[in-house]
Structure formats: C-alpha cells, structure tokens
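Trainee: I am new to this structure and would like a close look at one part of it, the nonpolar core. Could you take me through it slowly, along with its surroundings?

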Amino acid sequence: MARMSKKEKELHLLLNPKKVGPVDPAKLKATKVKRLNRSTGGDVLIAVILGVFGLFMLFPIVFAVSNAFKPLDELWYFPPRLIVRNPTMKNFIDLFNLMSESWVPFSKYIFNTLLVAVTGTFGHVIIASLAAFAISKHKFRGQKVMFQMIVLSLMFSGAVTGVPTFLIFSRLGMMNNFLVLILPAFTSSLGLYLMKQFMDQMINESVLEAAKIDGSNEFNTFWKIVMPMVKPAWLTLIVLSFQGLWNTGGTVYIQKESLKTLNYALGQILAAGVTRQGAAAAAAVIMMILPVLVFVFSQSKIVETMSSSGMKD
C-alpha cells in the first residue's frame, strides 16, 4: 500500500473499519469535517442583494394599493407619493356606484372572468400534461419533428396569431361566445413545452415499467403516478395560465356586453377621463388580488420548477 498522509489514514479508517481495525472514538471526535459552504459575508451579501431586488419588485404592488386609497388630489401629486397621506374608501365607493348604474352588474363581469380563467386554466393543464406525457415517454414516428414544431410555435405572440384566430372563429360562427377565449388557452404551446421538459427530467422509465408490471393502464399511470411527480410543473402552469386569462379583454371576439370580462369594465372606467381615476385605481387593485393570491400559495412549487427544469433539446 502506498504511503498515506495522516488525514488519508483517518479517512481510510472511517471507510474501512473492519480492514484497518477498530475505530478510536477520541480520533473520531478530534477529526474535523470540512463543510462546503459559503462564508458568512457571502451569505449576508446575497441576502442584501435579494432584499434589494425584492423591494424593487414589490414597489409596483405597494404603489397600486396606495393609489387605491388616495383622494383625487393626491393621485395627481408630482412627483408621485408612494404612501398615501389621507387614506379614503371613496374610490371603492365610487367604483361600486358606477358599476351599479350600469345595466350589466359588476358581479357579472367578475363571473365572466372567473369562468374563462378557471375553465381555460383547467383545460390547458390537462391537455398540456396529456400531450407532454405522450411526447416525453412514448416513441412514435415524427415525435422529434412534432416537438420542434412546438418549440417553433413559442416564437409567435398573440399579436401575430390574432388575425388568423379571428378569421377561424368568424368562419366557424363562434363569435360572442366564451369558447373564443377558452379554446385558444387549451392549445397554448407554452404549457406543453414546460410539462414535457419537466417530465423528461423527473420521470424515470423504470417507474413506468414498474407500473406496467403491476397492471396499471396508461391513464391510471398518468393520473396517479406521473401527475403527482410533476406537481411543481403544473402548479406553475396554473399560475401562468390563470394570470393570462384573468387579464384578458376579448373585445375583438365578444361584442355582447353581458359576456364581456372584468378587464373590459376597467378599460371603460379609464376611458371616462380624469374624474374617474380614483375608481380606476380601486378597480386595478381588485383585478390584482386573485392572481397575487394564486401566486403566493404556489410560489414554493414555482421556484422548485424553475430550479429543476431545463432545456435539453
């Protein structure tokens, strides 16, 4: 055996106690294990940097909430004040008075938005997950070409596909229908890409083979094994999809007033001029509450998704 240093001997002793002999408790206690960790100064520096960025990202939310409680004269201060000096509920009262005067109740706009957001998000998660499972874990002809087309589709924004989408729904006679907002959400390629990449890394073939040996069918394997294992990915997808649908206007496809969404109602208030800026600030906070709550309850899973998934193809 080659000549070993003192530390190498101690390590050899710990790994091979039977070959080398009994372990001396005194030596074990005296042996110092080197911890691979950042220094205290590095931890403090990272905490300060993250805190600064956190405050910077929190600024728009604080400013929006503060504006909702500002009287009209404070809304037009220059430079604008971050914190309200004389808080009031008048903006919210004016908002509900305006909505009550409309022949379409304010609750109707909220119901329409919730219907579109919840239905579109649920369908998007299920369809994207099923398609991602097929592309990720099943071999078939044209699989790689299909996935490359999905990646390519991420380049096209909604503004680019707006005209073809309008023409398709117009020819199908589906205008003035919630389906014109829900169906495009079902087929969004972003969720499919995210789920496929996550399944590639998190789902081992041995797990699926074990499920087949136990007699599990494809759908049972997908629902009871695959979906729980990729929970961070579809929770992230819920947040992204819900926020997009919650803020949708849909006025291009829907002209019927009783079918329009909350975002449209907010736009109508803003278009009324300076006197309704307080009510518009209150409406902006109401629009913001639900997406923020969805994000807060899912943020740990979103961080896990971003740290685990990656671009392999």
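Mentor: What follows begins with the chain as a whole, goes on to the core, and ends with a helix contact and a few single residues.

Please keep in mind throughout that this is a predicted model. The protein chain has 16 helices and 0 strands, and of its 313 residues, 33% count as buried. Among contacts between residues at least 6 apart in sequence, 70% join residues at least 24 apart. As for the surface, the protein chain exposes about 20,100 Å², and carbon and sulfur atoms supply 67% of that area.

Now to the part you asked about. In soluble globular proteins, nonpolar side chains tend to be buried together. Here the largest nonpolar core has 35 residues, and the ones with the most contacts inside it are Leu95, Tyr109, Val180 and Ile254. The elements that contribute two or more residues to this core are helix H6 (90–101), helix H7 (106–137), helix H10 (179–186), helix H14 (231–246), helix H15 (262–270) and helix H16 (277–308). Of these, H16 provides the largest share, with 7 residues. If we take Leu95 and leave aside its neighbours within four places in sequence, we find it in contact with Ile269, Ala279, Ala282, Ala283 and Ile286. There is also a second, separate core, made of 21 residues, which includes Leu192, Tyr193, Phe222 and Val230.

Phe96 offers a useful comparison with the buried residues of the core. This residue lies in helix H6, yet Phe96 counts as partly exposed because its relative accessibility is 42%, which falls between the 20% limit for buried and the 50% limit for exposed. Apart from its neighbours within four places in sequence, Phe96 is in contact with Phe106 and Ile286. Phe96 and Phe106 are 10 residues apart in sequence, while their C-alpha atoms are 7.6 Å apart in space.

Next comes a contact between two helices. Two packed helices are described by the angle between their axes and the distance between the axes. The axes of H7 and helix H13 (residues 218–229) come within 11 Å and cross at roughly 105°, which means that H7 is roughly perpendicular to H13. On the H7 side the contact is made by Ile126, Ser129, Leu130 and Phe133, and on the H13 side by Glu218, Phe222, Trp223, Val226 and Met227. By class, the residues of this contact between H7 and H13 divide into 7 nonpolar, 1 polar and 1 charged.

Two further residues complete the picture. Val151 is found in helix H8 (residues 143–153), and with a relative accessibility of 29% Val151 counts as partly exposed. From Val151 to Leu192 there are 41 residues in sequence, but the distance in space, C-alpha to C-alpha, is 9.5 Å. Asn176, for its part, sits in the loop between helix H9 (158–171) and H10. Most residues other than glycine have a negative phi. The phi of Asn176, however, is near 55°, a positive value in a residue other than glycine. Asn176 is also partly exposed, with a relative accessible area of 32%.

Technical notes: Residues are numbered from 1 along each chain as its sequence is written. This is a predicted model: local features need pLDDT of at least 70, side-chain atom pairs count only at pLDDT 80 or more; totals for chains, interfaces and linings use all residues. Side-chain values use heavy atoms; hydrogens and water are left out. A nonpolar core is a set of buried Ala, Val, Leu, Ile, Met, Phe, Trp, Tyr and Cys residues joined through side-chain atoms within 4.5 Å. Buried means under 20% relative accessible area, exposed over 50%, partly exposed in between (1.4 Å probe, protein chains only). Helices (H or I, at least four residues) and strands (E, at least two) are DSSP runs, numbered from the N terminus. Contact means heavy atoms within 4.5 Å. Accessible areas come from the Shrake-Rupley method with a 1.4 Å probe; for residues, only the protein chains shown count as cover. Axes are lines fitted to C-alpha atoms, for helices over the stretch in contact, and angles run from 0 to 180 degrees between N-to-C directions. Angles under 35 degrees count as roughly parallel, over 145 as roughly antiparallel, 65 to 115 as roughly perpendicular and the rest as oblique. Ala, Val, Leu, Ile, Met, Phe, Trp, Tyr, Cys and Pro count as nonpolar, Asp, Glu, Lys and Arg as charged, and the others, Gly among them, as polar.
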